[in-house]
Amino acid sequence: MSLRALRIVWRVTALNFRAQMEYRTEFLLMIAIGAIWQVSVIVFATVLLSRFAGMGGWDSSDVLLIPATRMLAHGLFVLFLGRMHWAGRQIQEGRIDIYLMRPMPVHRQIQLAFFPTNAIGDLTVAAGLMVGALSRSDLDWTAGRISYLVAAVLGGMLLEAALFTLVASAGLRFPAADYWGRWLEELLGTFGSYPLNVLPRAVGGFLTYGLPLAFVAYFPAAVLTGHGHTTGVPYWLAASAPLLGLLAYLGARLVWRWSLRHYTGING
Amino acid sequence: MAAPHAWRAARVTPLGELNAPPRMTAVALRLAVQVVLVWSLWRGLYAQTGTTAGLSRDQAVTYAVLAVLASRLRELDQYAGRDTVLQHMHFGTIVYWYLRPLPPQRYYALRAAGEQLYGLAWALTGYVICLAAGVVEPPGSAAVAGVFALSTLLGQWVLYYVMLVLDQLCFWTIRNTAAMLILLFAQNLLSGVYAPLWFFPDWFVTMSAFLPFQATLSVPLSLYVGRIPLSDAAFQLSVQAAWVVVLALFTRLLWRRAARRVISQGG
């Protein structure tokens, strides 16, 4: 992206932010909803951890690292790339046709459609949970571990973005595919925050190879906490989760570009 | 109003769904996967634990799976049909609800009835399959089944009014997506969708007893799995009925006040 393009992105984002600020109560509530949605994950995890003795052989401080990683990755996704989640609706409303007429990449225009106020709440709670998880952790947080954690968060963000980009690409051809996006969000929210070895092997396999949800936070947390050999997949595969996130995102962007070239719109 | 007219309004959403086979396929697949995942999760959690919070493994699994099936009752993609109150308020088209020969409150009720009946078909089909596959336990007795059916009916009635209050909120606020999401979250959390309320701390259970949300889902499911004994059923059913009456009166008042706020574009 050129310097000029970056300047335009910054100015559009600043304008979007001001537009969100126009309705102050709504602005504050949007921050709240981001936070509340994330708190629901914490509530569920806390209830389960307090009622059941650990999960899948993980103690509670290790388990906490999974939702912390996932939520931080999700918060960054919402902030930087999250509008892909709304692409389906924009496709249904025919806004893609308008985007195609403008001298800016369609993907970038989708990302600049509005400012994601709820990301502020998402990231605040996620950062709080990460601080809590790290303070309860008995692990020795060396530079290597910290670097891997940062890479895992970024990889998780890219993997989530890749999944939603694929759904949006499908939406260009089949607008009803938007429905899958909401299901994906639900699955990530529900099953992305726990050790998946608590599930039967076939179900864990589906969430690894069918829908690569395990790579978002479970595998990186397993590697960091010493559970990397009990995940049911080769250790190197679990450890390469951040890299897979990057590759998946690059692949998804290629699929998006191909789908956009074959987009025909409502009138053919 | 003639029955054929009511039927036409009630079938709008089901017809919309039936005309979108990809969405129906997605619903079936999503429901199946969600049931398998929830079933697996709760069995896995109980692998090293006996009875917790008064719920055995089979009770907890049955509760969680039935909660997934019950969520189908009011989870239609009205947004895709551009017929939510929020959208009508945003685009200024709510005024048309007041220009038809059909009063808006009746149109809303008929649409909701159609949706819930359509959702019931999905939930019942899922229930029969789960029962046959041994995923959920059958009710303890015929009396439990009867009380559960009655409680579910009252629960759905309460849920209708709760969702109606959320929609009516749109008449008073211009941008209320966040408020709607927050209330929706409260509904899910306090009705026991995320996890049975029995697992939560005592203060949480006490607080939710004073709110209408648990009457929508937690009460019927707790009666089904036997966490609420039949001896308490009469009290629980009367609480549900009381919520129906209170919310019916409240929403009636809101409809009247909302009508005064509706203006056509430009005033």
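**Patches, pairs and cysteines in a two-chain model**

Biologist: At 37% relative accessibility, does L246(A) count as buried, exposed or partly exposed, and what kind of model is this?
Modeller: Residues are numbered from 1 along each chain as its sequence is written, and chains are lettered from A and ligands numbered from 1 in the order in which they are written. This is a predicted model in which local features need pLDDT of at least 70, side-chain atom pairs count only at pLDDT 80 or more, and totals for chains, interfaces and linings use all residues, while side-chain values use heavy atoms, without hydrogens or water. Buried means under 20% relative accessible area, exposed over 50%, and partly exposed in between (1.4 Å probe, protein chains only). At 37%, L246(A) is therefore partly exposed.

Biologist: How much accessible area does the nonpolar patch with L246(A) have together?
Modeller: Patches are made of residues with over 30% relative accessible area and no salt bridge, joining like charges within 9 Å and nonpolar side chains (Val, Leu, Ile, Met, Phe, Trp, Tyr) within 5 Å. Areas come from the Shrake-Rupley method with a 1.4 Å probe, and for residues only the protein chains shown count as cover. L246(A) joins L243(A), L244(A), L247(A) and L250(A) in this patch, whose area together is about 430 Å².

Biologist: Good to know! How many salt bridges are there over all chains?
Modeller: A salt bridge needs a side-chain nitrogen of Lys or Arg within 4 Å of a carboxyl oxygen of Asp or Glu. E186(A) pairs with R30(B) at 2.4 Å between the closest N and O atoms, and D58(B) pairs with R57(B) at 3.7 Å. The count over all chains is two.

Biologist: Which residue of chain B forms a salt bridge with E186(A)?
Modeller: E186(A) is partly exposed at 26%, whereas its partner is buried at 7%. The pair crosses between chains, from helix α9 (residues 178-191) of chain A to helix α3 of chain B; helices (H or I, at least four residues) and strands (E, at least two) are DSSP runs, numbered from the N terminus. The partner is R30(B).

Biologist: How many disulfides should I expect to see in this model?
Modeller: A disulfide is a pair of cysteine sulfur atoms within 2.5 Å. C130(B) is buried at 7%, and C170(B) is buried at 1%. By the distance rule, the number of disulfides over all chains is zero.

Biologist: One last curiosity: what is the phi of A53(B)?
Modeller: A53(B) sits in the loop between α3 (21-45) and α4 (57-70) of chain B, and is buried at 17%. Although A53(B) is not a glycine, its phi is positive, at about 50°.
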